[in-house]
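Let's take a friendly walk through this protein together. Have the sequence and the 3D view open, and follow along at your own pace.

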Amino acid sequence: MIVEINKNVQFIRPAGKAVFPYCNSVFINGDPSVLIDVGSGGRAYHQLRKQVDIVLLSHNHFDHINGISFFPNAQVWASREEAPGYQDASVYASYNGYQHWEKLMGQPRKQRLAQTTVMPDDIPVQPGFIPIDLDGIIDDGLKWDTGKEQIIALHTPGHSHGHYSFWLESSGILFSGDIDLSPNGPWYGAENSDFDQLEASVRKLEQIDPAVLITSHRRMFKREEADIPQLLRDYLDIALQKEHHVLEYLEKPRTFADIADQPFISTYPTQTEHTKFWSRMMLLKHLKRLKAQGLIVEGEEGHWYRYR
């Protein structure tokens with residue numbers, strides 16, 4: 001589905017819900033014409049395939065890059081931080097953190113994500129490494145002038161180390177990628193995720209106060225209908241409340257497994273082995289952060305407790 005935001009900018013939505021393996025995209029019509037992310041599915045891009053000159057990838061997650069084959073004539077740009085992961089499967093695999101699976105889950109990983117998910121017919125590849133030849137490298141502050149809009153790259157790490165948002169300053173439109181205002185809160189469950197960076201990135205976007213906010217997995221938010229900075233604060237607060245609950249729970253020594261089993265740890269509406277793993281990866285990041293702040297201690301035999 002294509003939604004006109006203004007005469008130059010279109011919001012591209014998947015035919016179904018904008019959840020994995022789909023994401024939203026933004027198309028900026030100009031010279032050159034630019035598409036941000038390519039995970040909206042083949043049906044959503046039917047009218048655009050020959051119009052796109054440049055593809056900007058917000059980050060190297062499957063649901064944002066799986067449709068790259070729809071645009072064989074476009075230049076492809078991606079972040080400097082994650083560029084190696086588009087060329088080298090082992091580097092890409094290192095971003096995921098699955099090397100921690102057995103330690104966090106108590107057993108070896110039995111199935112790859114691709115084995116647990118059936119792809120819709122307009123997603124052309126299976127989850128996993130997708131080699132992409134890059135024509136350009138994105139750095140913080142880099143600009144593209146389309147003749148009608150200027151697109152500014154904003155490095156907003158945390159969800160992944162090379163995650164970027166894009167600011168269309170003249171129109172007041174911000175594409176925040178996977179800083180997505182999910183009611184389940186932020187996702188930072190990979191090896192290359194960092195909660196401190198995520199918090200700083202959300203605060204950075206708060207300060208912009210855009211007229212329109214487009215995220216990868218939600219609807220479009222407009223200033224006249226919603227307090228966008230407050231929505232960003234509420235979104236971040238879901239994760240901060242989880243961290244607060246962890247700290248409160250550590251009034252006496254607890255094992256990692258004890259903490260991981262608490263209902264406040266996972267915000268996923270559906271529980272699978274992979275969602276459990278990602279929840280535990282996020283928990284581990286909170287424990288390390290609280291330890292670095294001097295608020296908790298990791299004691300003998302793997303017990304965690306509040307510093308006294």
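Does aspartate 122 count as buried or exposed? Keep in mind as you look that this is a predicted model. Aspartate 122 has a relative accessibility of 5%, and because buried means under 20%, aspartate 122 counts as buried. You will find aspartate 122 in the loop between α3 (101–105) and β7 (136–138). Leaving aside residues up to four places away in sequence, aspartate 122 touches Tyr22, Gly41, Gly42, Arg43 and Phe70.

Now zoom out to the whole chain. The protein has seven helices and 16 strands. Its C-alpha trace spans about 60 × 40 × 30 Å along the principal axes. For 308 residues, a compact globule would have a radius of gyration near 19 Å, and the protein has 20 Å, which agrees. Buried residues make up 53% of the 308 residues. Take the contacts between residues at least 6 apart in sequence: 60% of these join residues at least 24 apart. On the outside, the accessible surface comes to about 13900 Å², with 49% of that belonging to carbon and sulfur atoms.

Charges are a good topic to take up next. The protein carries 31 positive and 40 negative charges, and the mean positions of the two sets are 4 Å apart. How many salt bridges does the structure hold? There are 14 salt bridges, and a few of them are worth visiting one by one.

Start with arginine 80 and aspartate 139, which form a salt bridge whose closest N and O atoms are 2.8 Å apart. Arginine 80 lies in the loop between β6 (75–79) and α2 (89–96), while aspartate 139 lies in the loop between β7 and β8 (143–145), so this pair ties together parts that are 59 residues apart in sequence. Aspartate 139 counts as partly exposed, at 27% relative accessibility.

Next, turn to arginine 289 and glutamate 199, whose side chains meet in a salt bridge at 3.0 Å, N to O. Here the partners sit in helices: arginine 289 lies in helix α7 (residues 273–292) and glutamate 199 in helix α4 (residues 195–208), so the pair ties together parts that are 90 residues apart in sequence. Arginine 289 and glutamate 199 are both buried. This pair also has company, for Asp196, Glu199, Arg203, Glu206, Arg233, Glu243 and Arg289 are linked in a network of salt bridges.

The next stop is the salt bridge between the side chains of aspartate 209 and arginine 223, at 3.9 Å, N to O. Aspartate 209 is in the loop between α4 and β12 (212–214), and arginine 223 is in the loop between β13 (220–222) and α5 (228–249), so the pair ties together parts that are 14 residues apart in sequence. Aspartate 209 counts as partly exposed at 32% relative accessibility, and arginine 223 counts as partly exposed at 43%.

Let's leave the charges and look at a strand. Leucine 168 lies in strand β10 (residues 164–168), and at 1% relative accessibility leucine 168 counts as buried. Which residues does leucine 168 touch, not counting those up to four places away in sequence? They are Val9, Ile28, Glu149, Gln150, Ile151 and Ile173. Glutamate 149 is 19 residues from leucine 168 in sequence, yet the C-alpha atoms of the two are 6.6 Å apart in space.

Finally, some details of the backbone. Most residues other than glycine have a negative phi, and most peptide bonds are trans. Against that background, look at the bond joining phenylalanine 20 and proline 21: this peptide bond is cis, with omega about 10°. Proline 21 is placed in the loop between β2 (9–12) and β3 (25–28). Another cis peptide bond runs from aspartate 31 to proline 32, with omega near 10°, and proline 32 is in the loop between β3 and β4 (34–36).

As for phi, leucine 181 has a positive value of about 60° although it is not a glycine. Leucine 181 lies in the loop between β11 (173–175) and α4 and is buried, with a relative accessible area of 5%. Aspartate 209, which we met in its salt bridge with arginine 223, also has a positive phi, near 50°.

Methods. Residues numbered from 1 in each chain as written. Predicted model: local features only at pLDDT ≥ 70, side-chain atom pairs only at ≥ 80, totals over all residues. Heavy atoms only, no water. Helix = DSSP H or I, 4+ residues; strand = E, 2+ residues; numbered from the N terminus. Rg over C-alpha atoms; globule rule 2.2 N^0.38 Å. Buried < 20%, exposed > 50% of the residue type's maximum accessible area, 1.4 Å probe, protein only. Contact = heavy atoms within 4.5 Å. Areas by Shrake-Rupley, 256 points an atom, 1.4 Å probe, with all protein chains shown as cover. Lys, Arg positive; Asp, Glu negative; His and termini not counted. Charge placed at Lys NZ, Arg CZ, Asp CG, Glu CD. Salt bridge = Lys/Arg side-chain N within 4 Å of Asp/Glu carboxyl O.
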